[in-house]
Amino acid sequence: MINQNLIAPCGLYCGVCGIHVATKNGDEQLKEKLAKAYGDTPDKINCQGCLSSSVYWYCRVCSVKSCVLEKGYAGCHQCESFPCDKIDNFPVPEGKRNILRAIPLWRKLGTEEFIRAEEKLFSCVNCGTGLFRGARKCRRCGTLVAPAY
Ligand SMILES: [Zn+2]
């Protein structure tokens with residue numbers, strides 16, 4: 001069953017976002033790490049997904065999300081203008097790289113298959129534990145993760 005709240009219109013699927021993974025698993029250690037990376041406090045590391053009513057502050061206001069919703073689309077994969085200047089100006093380079101990788105895939109596979117592919121891409125090759133974008137090693141078995149992008 002797909003959690004609709006996690007289907008970020010920009011293609012940065014929330015199911016493989018560290019903030020959401022830390023929230024979902026109640027992983028305090030991961031929250032602490034992410035808080036450092038985002039210049040935040042661990043108690044703020046909380047997100048139920050881009051389209052939920054409890055969105056991490058960083059993603060709360062997003063020009064890509066506003067644009068997609070305004071156009072009545074589910075995601076940039078339905079938009080002829082992709083990749084537009086909103087994507088080009090995306091503030092996080094790693095995010096932009098992932099958007100440019102993910103949207104064509106979403107277009108090609110459709111939502112369900114796309115999400116399955118993202119979850120597979122961001123999981124440990126050794127033990128299958130779900131990881132997240134930017135993870136360098138598996139939290140469970142310590143296997144180093146080859147960058148997926
Ligand atoms: Zn592992």
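Helices (H or I, at least four residues) and strands (E, at least two) are DSSP runs, numbered from the N terminus. The structure is a predicted model, in which local features need pLDDT of at least 70, side-chain atom pairs count only at pLDDT 80 or more, and totals for chains, interfaces and linings use all residues. Residues are numbered from 1 along each chain as its sequence is written.

**Exercise 1.** Locate Pro83 and state the form of the peptide bond that leads to Pro83 from Phe82.

*Solution.* Step one: Pro83 is found in the loop between H4 and H5. Step two: the bond from Phe82 to Pro83 is cis, with omega near -5°.

**Exercise 2.** Determine how many helices and strands the chain has.

*Solution.* Step one: the count gives seven helices and zero strands. Step two: along the sequence, the pattern is therefore written α-α-α-α-α-α-α.

**Exercise 3.** Decide which residues of H4 are buried and which are exposed.

*Solution.* Step one: a residue is buried if 20 or more other C-beta atoms lie within 10 Å of its own, exposed if 12 or fewer, and partly exposed in between, with C-beta atoms placed from the backbone. Step two: in H4, Val64, Lys65 and Val68 are buried. They lie on the same side of H4, because they cover an arc of only 95° around the axis (the arc is that of the directions from the helix axis to the C-beta atoms). Step three: Ser66 and Glu70 are exposed on the other side of H4. Step four: helix H5 (85–88) is included in what covers the buried residues of H4. Step five: just after H4, Gly72 has a positive phi of about 75°.

**Exercise 4.** Describe the largest nonpolar core and the helices that supply it.

*Solution.* Step one: a nonpolar core is a set of buried Ala, Val, Leu, Ile, Met, Phe, Trp, Tyr and Cys residues joined through C-beta atoms within 7 Å. Step two: the largest such core has 36 residues, and Ala8, Leu12, Tyr13, Cys17, Ile19, Ile99 and Phe132 have the most contacts inside it. Step three: at least two residues of this core come from each of helix H1 (18–25), helix H2 (28–38), helix H4 (63–70) and helix H6 (93–109). H6 gives the most, with four residues. Step four: two residues are in contact if their C-beta atoms, placed from the backbone, lie within 7 Å. Not counting residues up to four places away in sequence, Phe132 touches Val16, Cys17, Gly18, Val21 and Phe122.
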